[in-house]
Amino acid sequence: MKKALKAGVIGTAALAITAFASDYSAFYKYEVLNAKKVNKDLTTNVNDPVWKSVQGKYVYLYPQISVRLNDKKANQLIPKKELKRALVKVAYNNNEIAVYVSWKDDTPSIQGKYDTDSFGDGVSIEFPNKFGKGITLPYIGMGDTHHPVTVYLQKSVAGRDYQKVFVSEGFGSLTEIKEPGTDIAMKYNKRTHLWTAVFVRPLKTENSNLKAGLVPIAFAIWDGKFNERDGNKSLSRWKFIRLQDYPLDKEYLSYVAWGVPYKKLGDPARGKQLTIQNGCNACHIYDDQKVAMPGLAPNLSDIGGIANAPYLRESIVNPNDVIIRNLNPNRHYNKFAKPDKFNAYPNNSMYSWYVVNPDGTISSKMPPFSHLSEKDIKDIVAYLKTLRDWKNFK
Amino acid sequence: MSKRQLAMVMDLNKCIGCQTCTVACKTQWTNRNGREYMYWNNVETQPGAGYPRNWMEAGGGFDENGNLKDGIIPDMVLDYGVPWDYNHDELFGNADENILSPDQDPVWGPNWDEDVGEGDWPNSYYFYLPRICNHCSNPGCLAACPREAIFKREQDGIVLVDLDRCQGYRYCIAGCPYKKIYFNPKISKSEKCIFCFPRIERGLPPACAHQCVGRIRWVGFLDDEESQVYKLVHKYKVALPLRPDFGTQPNVYYVPPVLSPPTFDEEGKPIEGSQRIPMEFLEKLFGPGVHHAAKVLKEEMEKRKRGEESELMDILISYSHKDMFRLDENYYQKLAEQQGLKGTEFFKLVDYRYVQGPHTPKVEVKAYFEDVKEGE
């Protein structure tokens, strides 16, 4: 946490001197992973010498608390979690891309062979199935209705190589697929206490084509020690891989780089007041705003770490663009409705994050705040970007 | 949520704790492939810690406003009990040198506290509580699953896990207040009692009910007024759900053990009108309906003693399996016919969700049920 903030502060200071509207140096410095082109086959060998020649960058991962899951022990452990830092390297050749992720873990956890309550460490990366000019960023938590993503997962499970590829359109929609040419490896080094994973996939698959100048990618890490699995994890916001071989779309660059660095974006104190004036706290829990009923809308307490500024902007101005199917709607039933003949109560629609229109389309329950001025939006996003607290999770 | 609902009634006044149901279930479903530790059907002693240990305190279910509650995942060794084998091979022909011993050092297991119960002699008491999945109307497991891998069948309300969608996250185990869904570590997915649906669809009751030597189990559709299940639950209201306060609307019902023997006074004489199992305890387990159930059961019993007719007593005597298990004869066959399914295609009726979830556009049903035509 401290390190991340410090890095942000340095960035702002350096930029204060040279920053202009079209200056993307902070974006390149903090959000872009420069991929190295190699002229050899890419393997999942974590000790492949190729990685010695690829420059890495640190990516920070924040505990997920936007949605609350129902494992009592795991929930009690959330405030004890620390900010995670992973070293990421990317290499590619004409046909394939390899992503190297390495992070420290003093307590390697492996899901037991014959056990009910042990959880293994794991790592995943995700790519949007569509991205580029005119396409907005998907919800970071495995995509959303309008933005399918491909997810690559490796877990440490005793006695088997647990690697999977999924296509997902948000919570509950994860669907396993078989992707030819994709492989993942994950190894623990007992001397350095580092987990290292390498993901190799074709640049172009049935679902996505990464042959572009700027490719969004996001990371998630599971720590078995904290009973982590599924949404109980640490995740990064969208980062962007720069592939020099492919043209960079200026328009897309200016869209994804908007609001970086966030400290230059606006006035967070005014932004906070605006969130209260506009009633954000009626549905969302964040900061010291805790009046909303839990589960009514995503908890925003550490949204600043996991959401990109352009995504936050889009969510405020046009929430219908990123409709998140909330976590299993059966989690809340309406005890005050009439049960059916078998005593089953209907789901409580109050907790659903979207409404189904008569024509079958769905709309976000959050109204668009497109009437806000550019300055107001900037101040609100600048404020939201400061929210990075999970230590007070209950 | 479902169009129809299958239910089971168990008469606890007749359960002798013989575990035949447990064995019937185990040999049918759970003696292999990572399920060895699971008891989809277990018979525990109440009052007691039960199986898994202290399941009633392990959370899950819904609060009074209908919101899912947090729960815990029981531990294999401490709460379920790790399965063990004996050193029979070693002992064979070597009995002088070896003693019979388990290959694990168990600290807990199903029925660890069998027949312990509560109270002091001569007024100690206990009864047996057989438990399977309750196939709830608002299932906690289904609500808890972030993958939405658990579904309730439209045609009969049986709650099943779609193993293609299940990713072994185990929130279902935390969400089920009865802890009747289990993690299979071998396949890293959750599994549970399936109400023997392949038997049910062929008109046979679940193995546990069929094998029960005390004939304490009835199976039928809750909306079928001819079924004995309906009569016990709705007409006489003597069959009650277990821990209705958990808020999941269970569909396994129990005739509470309100016909327990009397307590003894200090001189060892039975106290007239007393009963060994305290009503407060039964009320905790089966809700306030126990008082009505006790009254009806005693009244009907008296009636029968006087030589009068009592439909309720006739049902509870369990004269014939044919009447106890009313599966609407050809209900499933009719459904299959409506869908135009023939022969082994019959299983499509069940298995669609196993093959194709709501978000699996890429999986073709054909891969499982390829139409092989003669002569091709």
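## Questions on a predicted model

Colleague: Let's start with helix α1 of chain B. What covers the buried residues of α1(B)?

Modeller: Bear in mind that we're looking at a predicted model. The buried residues of α1(B) have cover from elements of chain B found elsewhere in the sequence, at 42–46, 127–131 and 207–211. Those elements include β2, β3 and α7 of chain B.

Colleague: Seen down the axis of α1(B), within what arc do its buried residues fall?

Modeller: An α-helix has 3.6 residues a turn, so residues three or four places apart point the same way. Now take α1 of chain B, residues 20–30: B:Cys21, B:Thr22, B:Cys25, B:Lys26 and B:Thr30 are buried there. They line one face of the helix, because looking down the axis of α1(B) you find them within an arc of 125 degrees.

Colleague: Moving along chain B, is B:Asp115 buried or exposed?

Modeller: You'll find B:Asp115 in the loop between α3 (88–91) and β3 of chain B. It isn't a glycine, yet its phi is positive, about 65 degrees. For burial, count the other C-beta atoms within 10 Å: B:Asp115 has 11. A residue with 12 or fewer is exposed, so B:Asp115 counts as exposed.

Colleague: And how does B:Arg243 count, with its C-beta neighbours inside 10 Å?

Modeller: B:Arg243 sits in the loop between β9 (240–241) and β10 (252–255) of chain B. It has a positive phi too, about 45 degrees, although it is not a glycine. Buried needs 20 or more neighbours and exposed needs 12 or fewer. B:Arg243 has 18 inside 10 Å, so it counts as partly exposed.

Colleague: There's a cis peptide bond that joins B:Gln46 to another residue. Which residue is that?

Modeller: Look in the loop between β2 and α2 of chain B, where B:Pro47 has its place. B:Pro52 is found in that loop as well, and the peptide bond from B:Tyr51 to B:Pro52 is cis, with omega near -10 degrees. For the bond you asked about, omega is about -5 degrees, and the partner of B:Gln46 is B:Pro47.

Colleague: What is the radius of gyration of chain B?

Modeller: Chain B is built from 14 helices and eleven strands. For its 376 residues the globule rule gives 21 Å, and the chain's own value comes close to that, so chain B is as compact as a globular protein of that length: the radius of gyration is 22 Å.

Colleague: How many of the residues of chain B that touch chain A are charged?

Modeller: The contact pairs 42 residues of chain B with 37 residues of chain A. On chain B's side, α2 (76–80), α4 (140–144) and α5 (171–175) are the elements that give two or more residues. Split by class, that side of chain B has 19 nonpolar and 16 polar residues, and the charged ones number seven.

Colleague: Over to chain A. Which element gives the largest share of the side of domain 1 that touches domain 2?

Modeller: The domain assignment splits chain A into domain 1 (31–256) and domain 2 (262–384). Where they touch, domain 1 of chain A puts in 23 residues and domain 2 of chain A puts in 22. On the domain 1 side, β3 (57–63) and α4 (250–256) of chain A each supply at least two residues. The largest share, three residues, comes from β3(A).

Colleague: Which strand gives the largest share of the largest nonpolar core?

Modeller: That core has 194 residues, and those with the most contacts inside it are A:Ala98, A:Val215, A:Phe219, B:Val9 and B:Leu232. Both domain 1 and domain 2 of chain A give residues to this core, so it lies between them. The largest share is eight residues, and these come from residues 214–222 of chain A, which is strand β12.

Colleague: One last spot: is A:Pro298 buried or exposed?

Modeller: A:Pro298 lies in the loop between α5 (268–277) and α6 (303–306) of chain A. Leaving out residues up to four places away in sequence, A:Pro298 touches A:Ser66, A:Val67 and A:His284. Buried takes 20 or more other C-beta atoms within 10 Å. A:Pro298 has 23, so it counts as buried.

Note on methods. Residues are numbered from 1 along each chain as its sequence is written. Chains are lettered from A and ligands numbered from 1 in the order in which they are written. This is a predicted model: local features need pLDDT of at least 70, side-chain atom pairs count only at pLDDT 80 or more; totals for chains, interfaces and linings use all residues. Domain bounds come from an automatic or database domain assignment. Two residues are in contact if their C-beta atoms, placed from the backbone, lie within 7 Å. Helices (H or I, at least four residues) and strands (E, at least two) are DSSP runs, numbered from the N terminus. Ala, Val, Leu, Ile, Met, Phe, Trp, Tyr, Cys and Pro count as nonpolar, Asp, Glu, Lys and Arg as charged, and the others, Gly among them, as polar. The radius of gyration is taken over C-alpha atoms; the globule rule is 2.2 Å times the number of residues to the power 0.38. A nonpolar core is a set of buried Ala, Val, Leu, Ile, Met, Phe, Trp, Tyr and Cys residues joined through C-beta atoms within 7 Å. The arc is that of the directions from the helix axis to the C-beta atoms.
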